[in-house]
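Here's a quick tour of one fold, from its sheet to its core and ligand shell. Have the viewer open as you read.

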Amino acid sequence: MQGAPGPDSWEQRAASLQIAGLTPLSTVDWPGKLVATAFLQGCPWRCTYCHNSAILDVRLPGVVAWSTVTDLLRRRRGLLDGLVLSGGEPTRQAGVVAAAREVKEAGFLVGLHTAGAYPARLPDLLPYVDWVGLDIKAPAHLYRAITRAGGDTTTADKAFESLRLVLDSAVDVQVRTTVDPTVLTDADVADLGAALADLGVRDHVLQQVRPDGATDEYAQALARVPRERLHRG
Ligand code: SF4
């Protein structure tokens with residue numbers, strides 16, 4: 001990000017967000033909180049199991065105005081604890097910093113779902129964030145097999161750099177791993193858990209992969225995995 005915007009441009013930056021969808025009330029997107037969730041358009045990665053494939057294209061415009069999100073928060077003050085910025089990959093868009101700032105200054109909590117694809121955004125963004133749900137998808141050497149983007153370690157480098165930044169920031173974080181049994185063995189999952197603990201992660205959750213929303217190709221690959229190898233998170 002090119003430094004902090006001047007006071008007059010914060011609103012414009014938030015208004016520039018491409019937002020693909022808005023869930024007005026969620027009890028699951030931030031454990032223990034009642035939130036609205038905004039799904040920001042676009043992601044540079046193409047994970048095997050992604051169930052948001054319809055919102056990955058960065059060229060598509062948003063379909064929900066930022067003012068719709070802030071109007072919802074205003075109407076639901078006292079009911080909602082906060083807003084979760086999800087995606088897609090919400091850190092892709094520069095306007096996410098101004099959006100988080102606006103929500104925080106309005107007195108709501110701000111949650112962030114990210115896979116850590118843009119660590120350079122985090123120093124500007126994390127001061128306005130109260131909780132992060134961070135996807136760490138695999139041990140570094142297996143990252144590309146899941147994200148299907150970047151070089152051998154590029155996506156892993158970005159994700160683990162984001163993890164370091166979040167841990168250093170002391171923002172509350174839950175690290176999540178969706179266990180892709182077409183890539184990860186039980187030993188890989190155990191290795192990852194140990195590596196994360198060594199890095200200082202105290203809350204690591206394993207999630208079961210779901211075929212709904214994924215490509216037909218992936219659903220078929222998943223169907224060939226023996227039942228005993230499916231993680232049941
Ligand atoms: S990082 Fe998330 S949104 Fe992007 S492709 Fe992977 S699962 Fe989908």
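What follows is a short walk through a predicted model.

Let's start with the sheet. It is open and built from 7 strands, in the order β1-β2-β3-β4-β5-β6-β7, with mixed pairing. β1 and β7 sit at the edges with a single partner strand each, so one side of each has no neighbour in the sheet. On average, neighbouring strands are turned by 20° against each other, direction ignored. Out at the β7 end, β6 and β7 run parallel and are joined by 5 bridges; Val179 has Gln208 in β7 as its bridge partner. α2, meanwhile, lies across β1, β2 and β3, at about 10° to β1.

Now for α3, which is mostly covered, with 9 of its 11 residues buried. Charged-looking names turn up in that buried set too, including Arg101 and Glu102. Here are some of the elements that do the covering:

| Element | Residues |
|---|---|
| α1 | 10-15 |
| β2 | 35-40 |
| α2 | 66-75 |
| β3 | 82-87 |
| β4 | 109-114 |
| α4 | 122-125 |

Just after α3, Gly107 has a positive phi of about 95°.

The largest nonpolar core holds 61 residues, and among those touching the most other members are Ala99, Ala100 and Val166. Helix α3 gives this core its largest share, 6 residues. Leaving aside neighbours within four places in sequence, Val166 contacts Leu122, Leu126, Val132, Leu134, Val171 and Val173.

Finally, the ligand: its surroundings include Cys43, Cys47, Cys50, Trp45 and Arg46. By class, that shell counts 6 nonpolar, 3 polar and 2 charged residues.

Technical notes:
Residues numbered from 1 in each chain as written. Predicted model: local features only at pLDDT ≥ 70, side-chain atom pairs only at ≥ 80, totals over all residues. Near = placed C-beta within 6 Å. Nonpolar A, V, L, I, M, F, W, Y, C, P; charged D, E, K, R; others polar. Core = buried A, V, L, I, M, F, W, Y, C linked by C-beta atoms within 7 Å. Buried ≥ 20, exposed ≤ 12 C-beta atoms within 10 Å, placed from the backbone. Helix = DSSP H or I, 4+ residues; strand = E, 2+ residues; numbered from the N terminus. Contact = placed C-beta atoms within 7 Å. Pairing = 2+ DSSP bridges. Axes fitted to C-alpha atoms, helices over the stretch in contact; angles between N-to-C directions.
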